[in-house]
Amino acid sequence: MSLRQKLLLMFSLTVAAAVAAVAWTVLVRIRQVFEKRDQDETALFVSQFQREFQHRSADVAAAVDHIAGQERVRSMAFELVQSNDAAPYLNEAQALAQDAQLDFLEIIGPDGNIVSSAQWPARFGYGEPAASEAEETPFLKREELPDGSSVLGLFAVRPIHGAEPAVKLVGGRRLDQSFLADLPVAPGMQVGLYSDAGAIAGGANAGGTGPTAFDPKRLVSASGDPPGAVHYASLIDQARNSGQQTSGILYLTPRREDSVSATAIPLKNTSGTVLAVLTVAISRGGLVAEQQQIRAIAYGVASGGILLAIIFSLWIAARVSRPVEELARAAEEVASGSWDTQVPVRGRDEVAVLARSFNHMTGELSNQRERLVQSERVAAWRELARRLAHELKNPLFPLQLTVENLVRARQLPAADFDEVFNESTQTLSMEIGNLKKIIGRFSDFSKMPKPELERIDAKDVVERARALYAIGDEEGPKIRVETEVDDRPMPLMVDPELLHRALSNLVLNGKDAMPEGGTITISAHPAGDAVELRVSDAGQGMTPEECERLFTPYYTTKQHGTGLGLAIVQSVVADHEGTIAVESRAGQGATFVITLPKADA
């Protein structure tokens, strides 16, 4: 955002602030009044719901108590305990449930298994966990039905006296739309009940199937499906996951007048498992209408003030923003490398002082840059000389010893001298080869050629590297080179020679890491808009500290290395706008990963 825009925004906000403050205060007060009313109505409804729930619980408990006290039921329980034969009573629960007007009834034997089930006769012999519930108070339970569905019910457990060990009755009634229809609802209030096949205890799975995805078809009201049921998803899910009462504002349609202030009340069983959620929604249409009227008045008053602020801010901005914009453009030029940029100085105000300071800063930057360049050049040459001297010193010492041995051997007999001479010449040749290798490395690192790009496929690069190293050195360790190449096209715009050189360096590096022999794997695979080339060895691997310093020039983990091989590889990859990384652990080998951008189709 420019300075002119900031000044315009500042003046506009200043003018609008007073109007907005008054409007906001009024809106807040109105919202507080309506929220207090909604809270009171919700609290009243919750208390009424609790009373109705307790009444239903008492009815269920009384019905089960009545069945348990019947003489025929007590005789049945006694005979069941004595004979341990449940076959004569398989259909007994259906008749008892019908007489007591219960939707659910199960007779549970002394072993905790179902003897007879009114709602699902085929469950004979299955265990019933609800039989272990406390016998004092009714509880909520989700009951499975033969068609695979489940319904929520209010249940009570009662023992049948006169039989030891105890035979129990588990009976209940549905908690559905008929229950909602009996609740007293205030005008503008909507009440719904959501239940599903999941079970949540205290916000986490509690041995059940866990929470299922929200299904708007499972939210019902006394009159059927409530309007905008899908918008209750987040509120109901919060109540199911937290196990606590949750409130919020829901927008059932794009019109704010249709929004509601909703509360979700989780209904739990005795173990704290959420089985259903009761929703109470109160219309916010009256609140929205009042807010819209107040906003319309505030907008009209603020518009005139903002218009005056625009005119005033444009006049101020024209006098201040122009020199500031010149400074900003000059700063961008300095950032792009033009360190000697200057700006015109006008007047003696604060902006002029800033311009003079800027000009002084750029002058100092130019001088410091020159000094820094000189210092860096000297430091670079010193480091190069130090490293070169160190690398040349290693082969020069054995050269010196060899020459001294030759001088001393001159006094020996001819046969002994010839033997010393042959050994010395071999040593000289080997060390001279090391010197050439060191000088070649430094030469390669100092004159990396500019890439000559060609369109090739990554398969060709891998195959060329494999063909070069497939035939191992008969005298050296047995090294096997394998490839893993994807069949899909992997076009690259690269310099084939430089990329082959980089891969060769990595293969040689892998061979050096396996003095006892092993397998080197070269692979190529697409990776989105890039291609990954990997070179893996089965050597001893590296520590994390070694991996961090591996691409630093002159750093090496080899006894006779120059520390430039991987630095050259990194330079080649960087010239192709790619990246290189190493994946390794001590004792588990190393993998070098080159990532290059794919060529355009």
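Start with Asn-84: at 68% relative accessibility, this residue counts as exposed. You're looking at a predicted model, so keep that in mind as you click around. Asn-84 sits in the loop between α2 (71–83) and α3 (92–100). Check its backbone too: phi is positive, about 55 degrees, although Asn-84 is not a glycine.

**Next stop: Gln-101**

Now select Gln-101, in the loop between α3 and β1 (104–108). Here too phi is positive in a residue other than glycine, with a value near 55 degrees. Is Gln-101 buried or exposed? At 63% relative accessibility, Gln-101 counts as exposed.

**Into the rings**

Time to look for aromatic side chains. How many aromatic pairs does the structure hold? There are 5 aromatic pairs. Pick out Phe-49 and Phe-179, which make an edge-to-face pair, with 5.6 Å from centre to centre and 80 degrees between the planes. Colour the helices and you'll see Phe-49 in α1 (residues 3–69) and Phe-179 in α4 (residues 177–181), so this pair ties together parts that are 130 residues apart in sequence. Phe-49 and Phe-179 are both buried, so hide the surface if you have it switched on. Add Phe-53 to your selection as well: ring pairs link Phe-49, Phe-53 and Phe-179 into a cluster.

Another pair to show is Tyr-194 with Phe-214. Their ring centres are 5.0 Å apart and the planes meet at 15 degrees, so this pair is stacked. Tyr-194 belongs to strand β6 (residues 189–201), while Phe-214 is in the loop between β7 (204–205) and β8 (219–221), so the pair ties together parts that are 20 residues apart in sequence. Tyr-194 is buried, and Phe-214 is buried too.

**Charged partners**

Switch to the charged side chains. Side chains of opposite charge can pair when their charged atoms come close. How many salt bridges does a search of the whole structure find? The search turns up 17 salt bridges, and three of the stops below let you look at individual ones.

Select Glu-128 and Arg-123, whose side chains meet in a salt bridge of 3.9 Å, N to O. Glu-128 counts as buried, at 7% relative accessibility. Arg-123 counts as buried as well, at 15%. Then widen the selection to take in Glu-106, Lys-141 and Glu-143: with Arg-123 and Glu-128, these residues are linked in a network of salt bridges.

Now jump to helix α5 (residues 233–242). Arg-240 and Asp-237 are 3 residues apart there, which puts about one helical turn between them. Their side chains meet in a salt bridge, at 2.8 Å from N to O. Which of the labels buried or partly exposed fits Arg-240? With 5% relative accessibility, Arg-240 counts as buried. Asp-237, at 24% relative accessibility, counts as partly exposed.

For another bridge, show Arg-534 and Glu-583, whose side chains meet at 3.2 Å, N to O. Trace the backbone from each one: Arg-534 lies in strand β16 (residues 530–537) and Glu-583 in strand β17 (residues 579–584), so the pair ties together parts that are 49 residues apart in sequence. Arg-534 is partly exposed, with a relative accessible area of 23%. Glu-583 also counts as partly exposed, at 43% relative accessibility.

**Helix α12**

Go to α12 (residues 565–575) and turn on its side chains. Several residues here are buried, among them Gly-565, Leu-566, Ala-567 and Ile-568. Keep going along the helix and you can add Val-569, Val-572 and Val-573 to the buried set. Then step off the end: just after α12, Glu-577 takes a positive phi of about 60 degrees.

**Last stop: a charged patch**

Switch the surface back on and select Asp-416, Asp-418, Glu-419 and Glu-423. What do they form there? These residues gather in a patch of negative charge on the surface. Zoom in on Asp-416, which is part of helix α8 (residues 414–446). At 37% relative accessibility, Asp-416 counts as partly exposed.

Methods. Residues numbered from 1 in each chain as written. Predicted model: local features only at pLDDT ≥ 70, side-chain atom pairs only at ≥ 80, totals over all residues. Heavy atoms only, no water. Patch = residues over 30% accessible without salt bridge, like charges linked within 9 Å, V, L, I, M, F, W, Y side chains within 5 Å. Areas by Shrake-Rupley, 256 points an atom, 1.4 Å probe, with all protein chains shown as cover. Salt bridge = Lys/Arg side-chain N within 4 Å of Asp/Glu carboxyl O. Lys, Arg positive; Asp, Glu negative; His and termini not counted. Charge placed at Lys NZ, Arg CZ, Asp CG, Glu CD. Helix = DSSP H or I, 4+ residues; strand = E, 2+ residues; numbered from the N terminus. Buried < 20%, exposed > 50% of the residue type's maximum accessible area, 1.4 Å probe, protein only. Phe/Tyr/Trp six-rings, centres within 6.5 Å; stacked < 30°, edge-to-face > 60°.
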